[in-house]
Structure formats: C-alpha cells, structure tokens
2 protein chains.
Amino acid sequence: MGPMALGKDYAQQQCSIARALEVVGERWTLLVVRDAFYGVRRYNDFLVHLGIPRAVLAARLQALVEAGVLDRRRYQESPPRDEYVLTERGLALWPVLRSLGAWGRAEVPGAVPLRHFHHADCGTELGPYGECPSCRVPVPLADVEMRPGAGLDPDPADPVSRALLRPRRLLVPLEHTSS
Amino acid sequence: MGPMALGKDYAQQQCSIARALEVVGERWTLLVVRDAFYGVRRYNDFLVHLGIPRAVLAARLQALVEAGVLDRRRYQESPPRDEYVLTERGLALWPVLRSLGAWGRAEVPGAVPLRHFHHADCGTELGPYGECPSCRVPVPLADVEMRPGAGLDPDPADPVSRALLRPRRLLVPLEHTSS
DNA sequence: ACCAGTCGGTTCGGTGAATGAACTCAAGGT
DNA sequence: ACCTTGAGTTCATTCACCGAACCGACTGGT
C-alpha cells in the first residue's frame with residue numbers, strides 16, 4: 001500500500017529497524033537524503049549528481065515527501081518550481097548516514113577519505129557520533145563544515161559534484177546563478 | 001558484477017555511504033544482519049523469522065559471506081549443516097542498526113517500544129550510541145542484554161520469535177534441542 | 001514571431017530481480 | 001518402508017528499475 005516499494009512491505013516485522021527500512025530502505029533513497037544534507041534541493045541537481053533514472057527520482061522524492069522526510073516547497077512561480085528540503089524527521093537521519101559512512105569507509109582498508117566533517121566553530125574533525133571532541137558538545141548540523149578529502153575526484157564532470165568540492169556547511173543550498 | 005543486486009552498482013558514486021549500501025543496501029539484507037545479532041544463525045531460523053522467500057535468503061546469505069559480513073561454518077557433518085555467524089566486519093554494523101532502530105522508533109510517535117537493550121553488568125538501558133550511561137563505557141556486544149518491550153506480540157506464531165521473547169544476550173545462538 | 005534551451009517531470013518498452021510454490025537431495029526417526 | 005527435517009534449487013509470474021523519448025511551461029536570443 002503505502003510508499004513502500006517491493007511487492008509488499010516487510011510483512012509482520014515487529015521491529016523499528018524494519019519500519020525505518022520501509023521508508024528509507026529502497027534503492028537510491030538514502031543517497032537522495034545524503035544529497036539533501038549536502039545542500040542539494042532541486043530535481044535536476046539530484047538527477048545529475050546521482051545519475052538516477054528520472055522516473056525513479058520523481059518516485060523517491062514523492063515518497064520521501066509523503067513520509068515526512070522531505071518538505072516540498074515552491075521557491076518561484078512562473079514557471080512553478082519546487083525544492084525539496086529536509087524536515088525535522090529527515091534531519092534525524094544524520095546518525096544513520098554517519099554510521100553507514102563510517103562503516104563503508106572502514107570497508108576498504110587502504111582507502112583515502114573522501115569527505116571530512118568538522119566543527120565549524122573550532123575546526124576539529126567530528127567524532128564518530130557527530131560530536132566535537134575538543135568542545136565536547138554535539139555539533140548542530142548547521143555548524144558542521146564538510147571538506148573534501150584526498151580521495152575525491154578533483155575534476156568531476158557534473159556541476160553539482162564540482163560545487164561540492166569546496167568546503168561548505170551542511171544544509172546550505174547549492175547556489176544557482178539567477179538569471 | 002559483484003554482489004550488488006539492482007541492475008548495476010551505484011555507478012560512479014564517490015561516497016562511503018554508497019559503498020556501504022552496495023553491501024547492505026538491498027532489500028532484506030539488514031534484517032538478516034539484525035537477526036544475526038539476535039542470535040539467529042541457521043537458514044531455517046532466518047527463514048521462519050523473516051518470512052523471506054527461500055531463494056532470496058540463500059542469495060543474501062551467500063552475498064554477505066562473500067562481502068565478509070558473515071562467516072559460514074560447518075557445525076555438523078552428516079548431514080552437512082552450516083551456520084552463519086557475524087564476522088568482525090559484521091559486528092561493526094551494530095551502530096547502523098542502532099541508529100536505524102532509533103529513527104524508526106521515533107517515526108511512530110505513540111509507539112510502545114518493542115525491544116530494550118541493557119548493559120548486562122549493571123542493568124541500565126543503553127544510550128543512543130550503545131554506551132552505558134551509568135558506567136560511562138561503551139558496552140561490548142556480548143554484554144548487551146536484549147529485553148522484550150511492551151509493544152511486542154506476546155504470543156507469536158513462529159518458534160524463533162518466541163525464543164526471542166525472553167531476555168537474552170546479543171550474539172548468543174538460539175538453542176536447538178539436539179536429538 | 002520564431003527558435004533553442006531549461007526545468008521538472010511523465011510515458012513506454014525491455015530487462016532483471018523478487019515472490020511463492022513446487023521440487024530435490026541427504027540423513028534420521030519410527 | 002515411510003515420514004520428517006534442513007537446506008537449498010528450479011520455475012513461472014509479478015514487479016521494480018533502467019534508459020530513452022516525449023511533454024508542457026516558461027525564458028532568453030535574434
């Protein structure tokens with residue numbers, strides 16, 4: 001029924017993990033959410049950055065809006081254009097992305113880090129739970145600065161990846177040179 | 001090519017989150033891993049507890065073994081029977097499951113908790129990152145006790161769910177009345 | 001007025017994965 | 001000899017994903 005995709009939802013699973021996966025467990029979904037943290041807000045930016053099929057992206061965005069993870073809002077009339085922004089509930093997914101990223105990084109032993117996350121106030125790199133080891137406080141998302149790591153392709157093809165190459169705060173929208 | 005399922009892997013994603021999802025991002029995979037933490041080790045136990053199609057379970061187990069998340073080992077000859085146990089790399093997925101579960105629990109506002117996780121040494125419920133708030137140490141997985149919450153069905157159909165109703169340590173294998 | 005281009009989709013045919021049911025094989029029990 | 005259990009495999013159907021093409025509203029250029 002709901003937004004869940006594959007055939008049926010996780011049947012009679014009595015488990016909050018299964019409930020979470022019904023919302024964010026489909027292919028591409030968590031990558032869309034990740035991009036939203038990085039400041040991506042527009043259909044076309046998700047599209048070129050993820051390399052996702054258009055129909056799938058439209059479906060995921062709609063499902064995430066219905067699940068209350070993203071908020072869709074008009075940012076201009078004529079032509080009507082909407083952007084997708086993380087809600088409170090969406091922001092609460094940050095620990096999931098952190099832990100997944102930490103695990104994925106450890107997967108490849110000799111891998112060079114791709115992105116670093118720092119406390120903008122003091123510059124220290126965040127600890128495993130998104131806390132600042134030197135200030136000893138959990139860092140609010142708006143105070144997290146993302147910096148490119150050495151493993152990142154220095155000259156990517158699409159403009160979104162290029163924009164994400166320079167250090168930037170989380171959640172700050174990508175710039176779009178207005179006409 | 002590899003163990004990834006859907007059509008192709010996450011293309012050219014330069015992202016450790018995407019790398020993690022290539023391993024554990026498919027449908028059912030994280031639920032299999034969750035069950036492994038709960039002490040499920042055998043094909044048939046996964047099968048009845050998850051309600052997963054047989055072919056899919058076989059494929060997931062094989063993929064997880066190839067990815068180094070599970071270890072397959074013979075526990076009896078004649079008839080040859082194997083069990084699937086979490087490796088070091090698999091155990092490192094615990095924070096992912098914790099954070100997903102925490103998010104899924106918060107999804108439904110009025111929901112009664114389904115399972116609690118306590119520090120076996122002192123009885124205190126674990127904090128959000130699997131640490132013990134009173135002992136102020138990260139609790140090793142073997143010292144985590146899982147207790148049923150009020151939201152859990154008190155009389156489930158399958159024997160695995162029934163076995164998981166009583167308080168038990170993580171990773172301890174389910175009992176099987178040997179012949 | 002005309003044309004090209006952008007943005008945010010929808011439609012469509014082909015492919016491949018998930019599903020549930022049936023079947024296999026080996027061993028044990030009775 | 002027959003039934004059962006565990007751990008799969010095979011198979012037909014269904015369904016989701018994929019890529020490319022198409023569409024509609026607008027905008028900017030000439």
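These legends describe close-up views of a predicted model.

**View 1. Helices H3 and H4 of chain B cross at roughly 125°.**
Helix H3 of chain B spans residues 43-50, and helix H4 of chain B covers residues 54-66. Their axes come within 10 Å. The crossing angle makes H3(B) oblique to H4(B), because angles from 65 to 115 degrees count as roughly perpendicular and those over 145 as roughly antiparallel. The crossing of the two helices is right-handed. H3(B) contributes B:Tyr43, B:Asn44, B:Phe46 and B:Leu47 to the contact. From H4(B) come B:Arg54, B:Leu57, B:Ala58 and B:Leu61. By class, six of the residues in this contact are nonpolar, one is polar and one is charged.

**View 2. Helix H2 of chain B is largely enclosed by the rest of the structure.**
This helix runs over residues 29-38, and 10 of its 10 residues are buried. Buried here means under 20% relative accessible area. The buried residues of H2(B) include B:Leu30, B:Leu31, B:Val32 and B:Val33. B:Arg34 and B:Asp35 are also among them. So are B:Ala36, B:Phe37 and B:Tyr38. B:Thr29 belongs to the buried set too. Just after H2(B) comes B:Gly39, with a positive phi of about 110°.

**View 3. Buried residues of helix H3 of chain A pack against helices of chain A.**
Helix H3 of chain A comprises residues 43-50. Its buried residues are A:Asp45, A:Phe46, A:Leu47, A:His49 and A:Leu50. They pack against helix H2 (29-38), helix H4 (54-66) and helix H7 (159-163) of chain A. A:Gly51 follows H3(A) and has a positive phi, near 65°.

**View 4. An open sheet of three strands in chain A has antiparallel pairing.**
The strand order is E3-E6-E7. Strand E3 (115-119) and strand E7 (168-169) of chain A are the edge strands, each pairing on one side only. E3(A) is joined to strand E6 (residues 144-148) of chain A by five bridges. These two strands run antiparallel. Opposite A:His116 stands A:Arg147 in E6(A). Strands of a sheet pair through backbone hydrogen bonds.

**View 5. An open sheet of three strands in chain B has the order E3-E6-E7.**
Pairing in this sheet is antiparallel. Its edges are strand E3 (115-119) and strand E7 (168-169) of chain B, and each pairs on one side only. Strand E6 of chain B covers residues 144-148. E6(B) pairs with E7(B) over two bridges, in the antiparallel sense. B:Met146 has B:Arg168 of E7(B) as its bridge partner.

**View 6. Strands E1 and E2 of chain B form a hairpin.**
Strand E1 of chain B spans residues 70-76, and strand E2 of chain B spans residues 81-86. The two run antiparallel and are joined by six bridges. B:Asp71 stands opposite B:Val85 in E2(B). Four residues lie between the strands of the hairpin. In this hairpin, B:Ser78 takes a positive phi near 50°.

**View 7. B:Glu88 lies in helix H5 of chain B.**
The helix spans residues 88-91. B:Glu88 has 69% relative accessibility, so it counts as exposed. The cut-off for exposed is over 50%. B:Glu88 and B:Gly68 are 20 residues apart along the chain. Their C-alpha atoms are separated by 8.6 Å.

Key: Residues numbered from 1 in each chain as written. Chains lettered and ligands numbered in written order. Predicted model: local features only at pLDDT ≥ 70, side-chain atom pairs only at ≥ 80, totals over all residues. Heavy atoms only, no water. Axes fitted to C-alpha atoms, helices over the stretch in contact; angles between N-to-C directions. Parallel < 35°, antiparallel > 145°, perpendicular 65-115°, else oblique. Left-handed = near helix turned anticlockwise from the far one by under 90°. Contact = heavy atoms within 4.5 Å. Nonpolar A, V, L, I, M, F, W, Y, C, P; charged D, E, K, R; others polar. Pairing = 2+ DSSP bridges. Buried < 20%, exposed > 50% of the residue type's maximum accessible area, 1.4 Å probe, protein only.
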